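Here are a few exercises to work through with the model open beside you. Try each task on your own before reading the solution.

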Amino acid sequence: MKSDLDALMTDRGLDAILIFGDAEHNPAMYYFVGGGHVSDALLIKKVGKEPVLFYNDMERDEAAKSGLKTVSYEEFPFRDFLDQANGNLLLGYSLQFKKILSEYGLSSGRIAVYGKTDLSEKLGILMNLMKLMPDVEFIGQYRVDSVIQRAMETKDEVEVARIRQMGAVTTIVVQMVQDYLTSCDVREDEVLLKEDGNPLTIGGVKGKIALWLAERGAADVEGVILAIGRDAGVPHSVGDPNDLMTLGKTIVFDIFPAEQGGGYFYDFTRTWSLGYATPEAQALYDQVHEVYNKVVENLDLNASFIEYQRMTCEYFESKGHKTQLSGKIPLDGYVHSLGHGVGLNIHERPSSRLIDGNDNLLKPGVVITIEPGLYYPDRGMGVRIEDTYWVRPDGKMELLAEYPYDFVLPMKKWKKE
């Protein structure tokens, strides 16, 4: 949690963290600022001190909404630094940032750097700062091992309430999609038809999903996965927008919306087959559903998340599927990890990857996904089931949004002969 940040910084020997970029769609900045239209900002957080947000004057009211101490960039007039730099914009900004850091007692020490921003520009500024401030060590950290993601790993009840609300929105929209698809007319070749009689495509359904999410205060930030047939057999294939919605094919529907403005995510997947399913697809689904239930029934407080990945691999290998237990990631069978943390990033700690450390634990406060799957693109099918769980302070595992696990969805205007 955010209250752990000072201790985490101290453990890593950090004197401060810098975060560059906008307040929206920038998880590290959002974590402190809470969103809002604050662009190209700078946040400084020193150990044991409250963060300070630097902003452009045109956005002073938006910056004030953060509740943080705020400082206008105009207190460090860029024109003066640009003159010193003889018109070199990159050097001018570097000199401005040097002055800001020095004014806030950071002429030396170890400073970690974060933020979603223009990499080339900030790299140039940091390279200049390394020369201008030789007593400062600027630190880069691997994303999921950074002090910020370590703090984000556990959520308080306010954060969980926001994730739960996104779960409610998600399942409402999923139900709307299910109702829409099962209500469609069906052509003789088993293709679904829109209201105007034209074939229904993946792209057409996605357009409705985006609208229905927006109407409920959510956004499809990362791009919903709606993949049918062969594409369902490639885990992160988002689906060809021109593919036709057709009966009897596996449809992987992985939807992970966030609050508008770049807030908290929810992650959810169901696999459907409209009208009927082939015996082979039904067998795959049954195995995925069985191991999903087995994992959920065995989740224990403070257990290693990685051990559940191992459990899943062993189950699937017992059924004849390839997994990662051999060390090499296969292209078909069970090809990914069991789950991940969810929050302001769609992928956070803890991780269930076999290569990750033993500190990826199901400790109180973490929000995780459980998402086993099987994938066979050459057979034109794939299956995944995914839900999001919270490890509560009392150690109980709470499913944050319930939804049925039906695989075959009966069509209201079509019956198999």
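**Exercise 1: a hairpin and its proline**

Histidine 340 has serine 351 in strand 15 as its bridge partner. This is a predicted model, so treat what follows as a reading of a prediction.

Task: work out how strand 14 and strand 15 are joined, and in which direction they run.

Solution. Start with the ranges: strand 14 covers residues 340-341 and strand 15 covers residues 348-351. Next, count the bridges: there are two, and the strands run antiparallel. Now look at what connects them: the two strands form a hairpin, with six residues between them. Last, step along strand 15 to proline 350. The peptide bond leading into proline 350 from arginine 349 is cis, with omega near -5 degrees.

**Exercise 2: an open sheet**

Task: find the strand order of the open sheet of four strands, then name its edge strands.

Solution. Reading across the sheet, the order is 10-11-13-21, and the pairing is mixed. The edges are strand 10 (225-228) and strand 21 (408-409), since each pairs on one side only. Moving inward, strand 11 (residues 250-255) meets strand 13 (residues 268-274) through six bridges, and this pair is antiparallel. For a spot check, pick valine 252: its bridge partner in strand 13 is threonine 271. While you're there, remember that side chains in a regular strand alternate between the two faces of the sheet.

**Exercise 3: a threonine in a helix**

Task: decide whether threonine 312 is buried or exposed, and list what it touches beyond its sequence neighbours.

Solution. First place the residue: threonine 312 sits in helix 11, which spans residues 305-318. Then check its accessibility: the value is 0%, so threonine 312 counts as buried, the cut-off being under 20%. Finally, set aside neighbours within four places in sequence; threonine 312 is then in contact with Val291, Val295, Tyr334, Leu338 and Pro372.

**Exercise 4: two loop residues with positive phi**

Task: for aspartate 40 and asparagine 86, find phi, the loop and the exposure class.

Solution. Take aspartate 40 to begin with. Its phi is near 50 degrees, a positive value in a residue other than glycine. Aspartate 40 belongs to the loop between helix 2 (27-33) and strand 2 (41-46). With a relative accessible area of 38%, aspartate 40 is partly exposed.

Now asparagine 86. Here phi is near 55 degrees, again positive in a residue other than glycine. Its loop runs between helix 4 (78-84) and helix 5 (89-103). At 74% relative accessibility, asparagine 86 counts as exposed, because exposed means over 50%.

**Exercise 5: zooming out**

Task: does the radius of gyration of the protein chain agree or disagree with that of a compact globule? Add the wider picture of the fold.

Solution. Begin with the expectation: for 417 residues, a compact globule would come out near 22 Å. The protein chain has 24 Å, which agrees. Its C-alpha trace spans about 80 × 50 × 35 Å along the principal axes.

Then add the make-up: the protein chain holds 11 helices and 21 strands, and 53% of its 417 residues are buried. Turn to contacts between residues at least 6 apart in sequence: 68% of them join residues at least 24 apart.

Finish with surface and charge. The accessible surface comes to about 18,300 Å², and 50% of that belongs to carbon and sulfur atoms. There are 44 positive and 63 negative charges, and their mean positions are 1 Å apart.

Key. Residues numbered from 1 in each chain as written. Predicted model: local features only at pLDDT ≥ 70, side-chain atom pairs only at ≥ 80, totals over all residues. Heavy atoms only, no water. Rg over C-alpha atoms; globule rule 2.2 N^0.38 Å. Buried < 20%, exposed > 50% of the residue type's maximum accessible area, 1.4 Å probe, protein only. Contact = heavy atoms within 4.5 Å. Areas by Shrake-Rupley, 256 points an atom, 1.4 Å probe, with all protein chains shown as cover. Lys, Arg positive; Asp, Glu negative; His and termini not counted. Charge placed at Lys NZ, Arg CZ, Asp CG, Glu CD. Pairing = 2+ DSSP bridges.
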